[in-house]
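Please follow the chain through its strands and helices with the picture beside you, taking the sheet before the helices and the ligand.

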Amino acid sequence: TASKLVNDIKAIVDQPAEEKSLNLVFNVEGDLQIHADYYRLYQLALNLISNSIQYTNEGGDITLTIEKDGDNVLIEVQDNGIGIAEKFHNRIFERFYRVDKARSRHSGGTGLGLSIVRHITEAHDGQIQIESREEEGTTIKVTLPQK
Ligand code: ATP
Ligand code: MG
């Protein structure tokens, strides 16, 4: 269920979020059943939320929403972090692609997170949408058919 997913994610991200004084909000239909491989969904949500933690400045807000949307399940991660310029919106889902190489070299990571998100979404016949503006923030929505 969605509530197990959220509890598992909270256990991992609470501390890094607290270290940056980020305000994490979970907006989840707890008893929602998602018919998908649990570990892959966990990886998907964790990759998105880890990016929001990494690319949002101190004191920012991050919201994870998991809800039913017609015959689909919507998994949405929203932040008010550094954002991504429009010209990179397609490229960031490529393997090893990172927007600012000089900056991100210092922040660890390999540029694989979003390519994994895309791979998992496609394996479940789902879709990804991104809305992001530099200096304003990023919202990534993954829709998976509920089956
Ligand atoms: P890894 O996930 O492997 O640790 P990464 O975070 O750099 O490394 P991806 O998760 O694939 O790699 O993200 C690709 C790039 O997209 C990032 O380097 C960053 O430039 C940009 N990006 C991803 N999510 C966000 C976000 N929420 N806000 C701003 N930029 C983002
Ligand atoms: Mg990442």
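Strand E4, which covers residues 127–133, is joined to strand E5 by 7 bridges, and the two strands run antiparallel. One of these pairings can be found by looking for Glu131, whose bridge partner in E5 is Thr139. E4 and E5 form a hairpin with 3 residues between the strands, and in this hairpin Glu135 takes a positive phi near 70°. Bear in mind while looking at such details that this is a predicted model.

E5, which spans residues 137–145, also pairs with strand E3, residues 72–79, in the antiparallel sense and over 8 bridges. Within this pairing, Val73 has Leu144 of E5 as its bridge partner, while the bridge partner of Gln78 in E5 is Thr139, a residue that is also the bridge partner of Glu131.

Strands of a sheet pair through backbone hydrogen bonds, and they may do so in parallel or antiparallel fashion. In this model, 5 strands make up an open sheet whose order is E1-E2-E3-E5-E4, and the pairing in it is mixed. Strand E1 (23–28) and strand E4 stand at the edges with a single partner strand each, so one side of each has no neighbour in the sheet. On average, and with direction ignored, neighbouring strands of this sheet are turned by 10° against each other.

Is Arg133, which lies in strand E4, buried or exposed? Arg133 counts as exposed because it has 12 C-beta neighbours inside 10 Å, and a residue is called exposed when that number is 12 or fewer. Its C-alpha atom is separated by 27 Å from that of Gln15, a residue 118 positions away along the chain.

Turning to the helices, the axes of H1 (residues 2–19) and H2 come within 10 Å and cross at roughly 25°. Angles under 35 degrees count as roughly parallel, and therefore H1 and H2 are described as roughly parallel to each other. The crossing in which H1 passes H2 is right-handed.

H2 appears again around ligand 1, where helix H2 (38–54) and helix H4 (113–123) each supply at least two residues of the shell. The largest share of that shell, 4 residues, comes from H2. There are 24 residues around the ligand, and those that come nearest are Asn51, Arg98, Val99, Gly109 and Gly113. When the residues of the shell are divided by character, 8 are nonpolar, 13 are polar and 3 are charged.

Terms used:
Residues are numbered from 1 along each chain as its sequence is written. Chains are lettered from A and ligands numbered from 1 in the order in which they are written. This is a predicted model: local features need pLDDT of at least 70, side-chain atom pairs count only at pLDDT 80 or more; totals for chains, interfaces and linings use all residues. A residue is near a molecule or strand if its C-beta atom, placed from the backbone, lies within 6 Å of it. Ala, Val, Leu, Ile, Met, Phe, Trp, Tyr, Cys and Pro count as nonpolar, Asp, Glu, Lys and Arg as charged, and the others, Gly among them, as polar. Two strands pair if DSSP finds at least two bridges between them. A residue is buried if 20 or more other C-beta atoms lie within 10 Å of its own, exposed if 12 or fewer, and partly exposed in between; C-beta atoms are placed from the backbone. Axes are lines fitted to C-alpha atoms, for helices over the stretch in contact, and angles run from 0 to 180 degrees between N-to-C directions. Angles under 35 degrees count as roughly parallel, over 145 as roughly antiparallel, 65 to 115 as roughly perpendicular and the rest as oblique. A crossing is left-handed if the near helix is turned anticlockwise from the far one by less than a right angle, and right-handed if clockwise.
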